[in-house]
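Hello,

Here is the structure I promised to pass on to you. Please have a look at it first, and then read my notes below.

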Amino acid sequence: MDYCLTTSNLTKRYRKCYALNGLTMHVPCGAIYGLIGKNGAGKTTLIRMICGLQHPTNGSYAIYGANHTDKEIYKARKRMGAVVETPSVYSFMTAEENLKQQYILLGKPSYGNIEALLDLVGLSNTGNKKVKNFSLGMRQRLGIALALAGDPDFIVLDEPVNGLDPQGIVEIRELIIKLNKERNITFMISSHILGELSKLATYYGFVDRGRIIKEISAAELEKACRRCLVIHVDSSERLAPALDSANVEYKLITDTEAEIYSEITITRLNKVLSDNGITLVKISEKDEDLESYYINLLGGKDNA
Amino acid sequence: MLKLLRSNFSRAIKNKTMWISLAVQAIVMIFMIIISVIQRKADPNSSPVASDEFLLVIYSLFGMPLQSILISVFGCQIIGADYANGTIRNKLIMGHSRSSIYISNFVTVAVFAILLNIVGLLTVCAIAMPIFGPFKYSAKLIAWIIIDGTAVMLAYAAIVTIVSMLSKSTTASIVICLLTLIIATFVFLSISFKVNQPDMIAETSFNELGELVEVMVPNPDRPKPQLKAFYQFCLDFFPSGQVLQLSKGEKFHDWQMLLYSLGIVTATTAEGCLVFRRLDLK
């Protein structure tokens, strides 16, 4: 698998406090990578670091194979766009003037597709309105437009839907999915809105206390979060043969506990178990989503 | 680097502070010329004024601090805007090196400093020379005044750049630059006063006949030769000291002052680049 971003044992220390503590992650090319973590987990520090705003205390990172200490990193960064925290825009300029500035910095020969870019992010009718009079949502859109100006292959968005209205959230989501599918742009998105992230991410990285505690693809997560019936029985020896005989997909959690993934009625399940001399003690439905997966993951770690 | 410069200049052109500053420089020069014309008309016996005086006004104790203030405000504003709006992040994210960002910012402020000088000189040439006639100083002296005066302003531009790039706040940068300017002006005025103390002063006393006579005695306020040499070096080396010497229009250490100013530019820019490369940004 090709990775557009890899980090190895990345560490950032501010005096005695570790913002990143040996963070190792892999962002596959073409993915929408959701970066999930509590406040202060190290998401923004990580983003600042890969954007070249801060230097690692230890460890390394590579963008498209270029290590952060190599001169090649400057070339690799040209393939990147980012919106870090608040959108970086000149407040005394209009949206079009901001894009022109970005085009100059990128060395683009003409301002040809500025209109199309503004249209893409829904800012085509802002005219001479200065950015200082924009709403937060409009600034976010402009920030994304600036990130898109260099035709990047990899875009980093830090809380992109912050301050957006519901309509805006849907539009930004659709835009990200569209750019990912049509232009094969890789996204790394940090967000607290897990429900929103789960609608677009194809890969997840869970950050806690400056480390990646789990990297998982959306498909794997879906498997891990599958709806299932959790059964508790009295007998440990005959449970597996009984479930095998019923031809159901299951996973033994403990000797007396199992998760049943197949569609099966409770009446039939109870019959299968009682036919094998097993008493069904307790039954419950488990419907885990990204949020509960995240809480379980971090909660479990906290309790460890 | 060229892309960064193009971006900075396109922002500067839209910056009202730049145009107001250039206008202030021209208006101040015109105002000084008008005052001289009025004075000459009011008192025909007054000593004749030459265009040279207006040239010196540009590099005087009035003109240079004014230019320094204008450079501080412009420089801190154009660099501070990148921090205030977070747009410095865009430059780094798209792969511009920190050194090129720093140097392009210095060049932008330096070009503004040169523009201020040009506006001042053009005003003198266009308005003062037709009224008061050509310069009376030698071409060499005029050239050195202009070269050293511009070099001082470049040194000041380098100082403004390092302060703005490292303090990250427009207001803090302006306050630091202006305070430094005011304090330095007073410090070097006092140094200049000490250096210019005469070796001997006249003292009145009674002679053997009881008559009041004036005798020349060594000046007690005169600094010792080593200290005087050190003071003179300070006056030659630091921009505020150079301004004091240039404003007199008398003999000064021309090429040494140029070298010192260029040395300040080089050292300040190199140090600024090194520190900025290590700086963590948000």
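**The sheet in chain A and its helices**

Helix α1 (residues 43-50) of chain A lies across β3, β7 (154-158), β8 and β9 (203-208) of chain A, and runs at about 145 degrees to β7(A). A second helix, α5 (residues 136-148) of chain A, also packs on the sheet. Helix α5(A) touches β6 and β7 of chain A, and its direction makes about 165 degrees with that of β6(A). Please keep in mind that this is a predicted model.

The sheet itself is open and has 6 strands, in the order β6-β7-β8-β3-β9-β10 (chain A), with mixed pairing. At its edges stand β6 (80-83) and β10 (211-217) of chain A; each has a single partner strand, so one side of each is left without a neighbour in the sheet. On average, neighbouring strands here are turned by 15 degrees against each other, direction ignored.

If you would like one pair to look at, try β3 (residues 32-37) and β8 (residues 186-190) of chain A, which pair in the parallel sense over 4 bridges. Within that region, L35(A) has S190(A) in β8(A) as its bridge partner.

**Nonpolar cores**

The largest nonpolar core has 139 residues, and those touching the most other members are Y33(A), L142(A), A145(A), I71(B), A113(B) and A157(B). Helix α7 (residues 139-167) of chain B gives the most to this core, with 15 residues. Another core, of 10 residues, lies apart from it and includes I231(A), A242(A), L269(A) and L273(A).

Which residues does Y33(A) touch, not counting those up to four places away in sequence? They are V27(A), F187(A), M188(A), I189(A), A201(A), Y203(A) and G205(A).

**Domains of chain A**

Chain A is divided into domain 1 (3-222) and domain 2 (226-287). The C-alpha centres of these two domains of chain A lie 45 Å apart.

**Where the chains meet**

Between the chains, 20 residues of chain B are in contact with 26 residues of chain A. On the side of chain B that touches chain A, the elements giving two or more residues are α1 (2-13) and α5 (87-93) of chain B. The largest share of that side, 6 residues, comes from α5(B). By type, the residues on this side of chain B divide into 6 nonpolar, 8 polar and 6 charged.

Happy to talk it through whenever suits you.

Best wishes

Technical notes:
Residues numbered from 1 in each chain as written. Chains lettered and ligands numbered in written order. Predicted model: local features only at pLDDT ≥ 70, side-chain atom pairs only at ≥ 80, totals over all residues. Contact = placed C-beta atoms within 7 Å. Nonpolar A, V, L, I, M, F, W, Y, C, P; charged D, E, K, R; others polar. Core = buried A, V, L, I, M, F, W, Y, C linked by C-beta atoms within 7 Å. Buried ≥ 20, exposed ≤ 12 C-beta atoms within 10 Å, placed from the backbone. Domains from an automatic or database assignment. Pairing = 2+ DSSP bridges. Axes fitted to C-alpha atoms, helices over the stretch in contact; angles between N-to-C directions.
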